[in-house]
Amino acid sequence: MHTSKKANHLLIEVPEKWSKLTIEDLFKQYWQAPKKLIHEWRMSKEVTINNEQMPWSTKLVKGDELSIPLFTNNATEKVPPTNLHISILYEDDHILIANKPAQMDTHPSQEHDHKTLINGVAYYLQQTGQNCMIKHIHRLDKDTTGAVLFAKNHLAGSMLDKMLEERKIKRTYYALVEGIMKLNQGTVQEKIGRDRHHATRRRVSPTGQTARTNYQVLQRYPDQNRTLVSCTLESGRTHQIRVHFSHIHHPLAGDTLYGGKRTFPRQALHARQIEFIHPITEEKIVCIAPFLDKPAIFPHI
C-alpha cells in the first residue's frame, strides 16, 4: 500500500480492496480505530479525498488520495529524554523497533527513573526532531536483551495492541540453557502463577495463567553442557521462558533466580526476531536484533 506524510497528514493511495468501504467503514470496522480518535478526526473536518472534504458515507475509490490528520495532536505526556545510546533497528512514521541492552528496564517503574529504554528512545526522537508520542507495545525483563516494538501515533498504538492480543506479532527468542536437550523440538504447556514465597519469582501452578512455549534446538554444546534453543510464545506471561525451562530441568544459563548456574552476569535470553504485518502499510516487517553483550554470552551463530 502506498502511503506518505505531508505536514500532519497521512496520505494513502486507496487500494482496490478498500473500494467497497466508506470512509467511516475504514476507520470503525477495518482499522477499528479508537472512538476518541475518530471523533477528533470528524470534528477537525480535515479528512479529505483528493483534497476535498467529503461525507464520511462516501465510498472509497481505487487510486484516490485519502488524507487523514493522523499526526495532529500526536504528542502525549512527554517521556524525559536520556542519552542511553540506544540502537534503533527499524523506524517509519508509525512504529519504531529498538534493541534493548541488559540491565535496563523497558519503561520506568518509579517516577524519577529516567534510564529506561523508553527514555533512550525519547532522546533519539528528540535528536532527530520528531515531536511524537512513544508507547511500548510489549516489554522485556530488565536483563533480557533484544527487540522491543514501539508505536509513534495513537492509531498504530491501538492497532498493535490488538495485534499483540490476537497473537499476530510473532516474537522469537534465543535462550542458552543448562544441559543437553534430548528432543530437537517440543512444547512446554504449564500454567504460570506467582510464587507466594518470593516477591518477583513466578512458578508453574495449576491455578496460574495458561502459558505455552514452543522451542527448537539450534545447537548443542557438549563441552559446555549447554543447548542453544529458539523459542516462540503463544502467551506472554512474566518470566515465561525462564519458568518453563527451569520446570523441565534446563534452566537458562546465568539465571540464578530459576536454578541456572552463575555463568554469566544475567540470564542468557535474547529477543532475537520480531515479525508482523505493518498495521498501516500492511507490509511484512521482519526485524532481527543483533546480540549486544560484550564479551558475548551467546555462541557465534
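## Notebook: charged and aromatic contacts

I began with two charged residues and found that E16 is exposed, as is K62. The model I am reading is a predicted one.

**Entry 1: salt bridges.** I looked up the total and found 14 salt bridges in the structure. E16 and K62 form one of them, with 3.9 Å between the closest N and O atoms. I then located the two partners, and the pair links distant parts of the chain, 46 residues apart. E16 belongs to the loop between strand 2 (9–13) and helix 1 (23–30), and K62 to the loop between strand 4 (52–53) and strand 5 (65–68).

I turned next to R212 and E234, whose side chains meet in a salt bridge at 3.1 Å, N to O. This pair also links distant parts of the chain, 22 residues apart. I placed R212 in strand 14 (residues 212–221) and E234 in the loop between strand 15 (226–233) and helix 5 (240–247). Are these two buried or exposed? R212 has a relative accessible area of 29%, so I entered R212 as partly exposed. E234, at 30%, is likewise partly exposed.

The third salt bridge I checked joins D255 to R242, the closest N and O atoms being 2.8 Å apart. D255 lies in the loop between helix 5 and strand 16 while R242 lies in helix 5, so the pair ties together parts 13 residues apart in sequence. I recorded both D255 and R242 as buried. I also noted a network in which salt bridges with shared partners join E24, K28 and R42.

**Entry 2: helix 5.** I asked how many residues of helix 5 are buried. The count is 6 of 8, and the helix is thus mostly covered. I listed the buried ones as Q240, I241, R242, V243, H244 and F245. After helix 5 comes H249, and I noted its positive phi, near 65°.

**Entry 3: aromatic pairs.** I searched the whole structure and obtained 8 aromatic pairs. One of them is W18 with Y30, in an edge-to-face arrangement with 5.6 Å between centres and 70° between the planes. W18 lies in the loop between strand 2 and helix 1, and Y30 in helix 1, so the pair ties together parts 12 residues apart in sequence. I found W18 buried, with a relative accessible area of 0%, whereas Y30 is partly exposed at 33%.

F27 and W31 form a stacked pair, 5.9 Å centre to centre with 20° between the planes. I classed F27 as buried because its relative accessibility is 0%. W31 is at 3%, so W31 counts as buried too. I then traced the ring pairs further and found that they link W18, F27, Y30, W31, W41 and W56 into a cluster.

**Entry 4: charges over rings.** I found K5 over the face of F71, 4.5 Å from the ring centre. The charged end of R272 sits over the ring of F291, at 4.4 Å from its centre.

I followed R272 further and placed it in strand 16 (residues 269–277). Its relative accessibility is 18%, and because the limit for buried is under 20%, R272 counts as buried. Which residues does R272 contact, leaving aside neighbours within four places in sequence? I listed T172, Y173, Y174, C287, I288, A289, P290 and F291. I also looked up S230, which is 42 residues from R272 in sequence and 8.8 Å away in space, C-alpha to C-alpha.

Terms used. Residues are numbered from 1 along each chain as its sequence is written. This is a predicted model: local features need pLDDT of at least 70, side-chain atom pairs count only at pLDDT 80 or more; totals for chains, interfaces and linings use all residues. Side-chain values use heavy atoms; hydrogens and water are left out. Helices (H or I, at least four residues) and strands (E, at least two) are DSSP runs, numbered from the N terminus. Buried means under 20% relative accessible area, exposed over 50%, partly exposed in between (1.4 Å probe, protein chains only). Contact means heavy atoms within 4.5 Å. A salt bridge is a side-chain nitrogen of Lys or Arg within 4 Å of a carboxyl oxygen of Asp or Glu. Rings of Phe, Tyr and Trp (its six-membered ring) pair if their centres lie within 6.5 Å; planes under 30 degrees apart count as stacked, over 60 as edge-to-face and the rest as tilted. A charge sits over a ring if NZ of Lys or CZ of Arg is within 6 Å of the ring centre and within 35 degrees of the ring normal.
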